[in-house]
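Work through the exercises below with the sequence and the coordinates side by side, and try each task before reading its solution.

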Amino acid sequence: MTVPTRPVRRADRERRFDLRATALFFLFLAVLLCAVAFLVRTLTRTAGQRPVWALSLLLATAATVWLCRSRRRRRSAAGYARRATLALEEAAERASDSLGELGTPARTVEYAAAPAPAVDTVRLGEAPEEYAELEPDDFEHAVAGLCARDECRSVEVVGGAGDLGADVIAVTSDGRRVVVQCKRYGDGHRVGSQDLQRFGGTCFTVHEADVAVLVTTSDFTAPALEYARQCGIVCVDGEALTAWHDRTGPAPWALTG
């Protein structure tokens with residue numbers, strides 16, 4: 001009876017391959033164990049000869065591990081905080097949009113371009129120093145009255161829910177579209193850069209303003225003025241508003257080219 005040879009040779013190949021891999025594995029394991037034993041022996045000897053140095057090394061290693069874990073925790077906490085902040089901002093924007101849709105629609109009051117006696121004479125008759133005492137709606141109408149007095153046409157008060165930053169819209173005598181936001185603030189409350197950034201995000205792109213104006217009874221912070229200068233927004237503070245009212249200073253659209 002003959003015994004087939006090929007299966008035997010294949011089995012021998014597989015056995016030799018397994019033995020080689022096993023031998024390499026145990027050789028690597030032996031080298032690793034020797035290295036670990038040598039390292040432990042060296043550390044033990046060093047600790048016996050220089051205990052202070054060994055203790056310092058141990059403390060430094062522990063501190064490094066603790067700092068790495070702390071950084072990971074801080075990074076994860078910062079990531080969670082950023083995600084929570086973004087979620088809150090999105091929820092606030094959606095709630096604001098919903099309230100704007102469900103709330104009172106934006107007011108639209110048109111002023112016809114006419115000489116001063118035909119315009120809202122009660123509001124135009126307010127002394128400039130009394131602008132800060134007006135209600136926000138009355139202050140918007142007062143600014144609209146100034147626009148109509150200075151020969152603007154199609155003057156509208158559109159402030160209200162969903163106005164997207166525009167309180168007064170007018171067209172100058174030379175055809176430029178003016179978009180005004182009114183901030184009736186006290187002396188201690190200045191208009192900040194965030195107010196300018198919100199207005200700057202809509203006045204040109206949404207309302208298609210040729211001249212964007214922010215009028216306040218107070219003043220502006222330095223970052224707000226810098227932002228307005230970069231974006232081309234005209235800032236009218238309380239002093240400039242008084243000059244505009246008294247005709248001793250230019251109208252806001254006259255300050256642009």
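**Exercise 1.** Determine whether Arg149 is buried or exposed in this predicted model, and find its salt-bridge partner.

*Solution.* Begin with accessibility: Arg149 has a relative accessibility of 10%, and because buried means under 20%, this residue counts as buried. Then turn to the side chain, where Arg149 meets Asp150 in a salt bridge with an N to O distance of 3.1 Å.

**Exercise 2.** Trace which residues are joined with Asp150 into one network, and where in the chain Asp150 and Arg247 lie.

*Solution.* First, the side chain of Asp150 also forms a salt bridge with that of Arg247, at 3.9 Å from N to O. This pair links distant parts of the chain, since Asp150 sits in the loop between helix 4 (136-149) and strand 2 (153-157), whereas Arg247 belongs to the segment after helix 7 (238-246), 97 residues apart. Next, Arg247 is exposed, its relative accessible area being 54%. Finally, shared partners join Arg149, Asp150 and Arg247 into one network of salt bridges.

**Exercise 3.** State how many disulfides a search of the whole structure finds, and examine Cys152 and Cys235 individually.

*Solution.* The search of the whole structure yields zero disulfides. For Cys152, the nearest cysteine sulfur is that of Cys147, 5.1 Å away, and Cys152 is in no disulfide, the criterion being a pair of sulfur atoms within 2.5 Å. Cys152 is moreover buried, with a relative accessible area of 0%. For Cys235, likewise in no disulfide, the nearest cysteine sulfur belongs to Cys231 and lies 10.0 Å away.

Note on methods
Residues are numbered from 1 along each chain as its sequence is written. This is a predicted model: local features need pLDDT of at least 70, side-chain atom pairs count only at pLDDT 80 or more; totals for chains, interfaces and linings use all residues. Side-chain values use heavy atoms; hydrogens and water are left out. A salt bridge is a side-chain nitrogen of Lys or Arg within 4 Å of a carboxyl oxygen of Asp or Glu. Buried means under 20% relative accessible area, exposed over 50%, partly exposed in between (1.4 Å probe, protein chains only). Helices (H or I, at least four residues) and strands (E, at least two) are DSSP runs, numbered from the N terminus.
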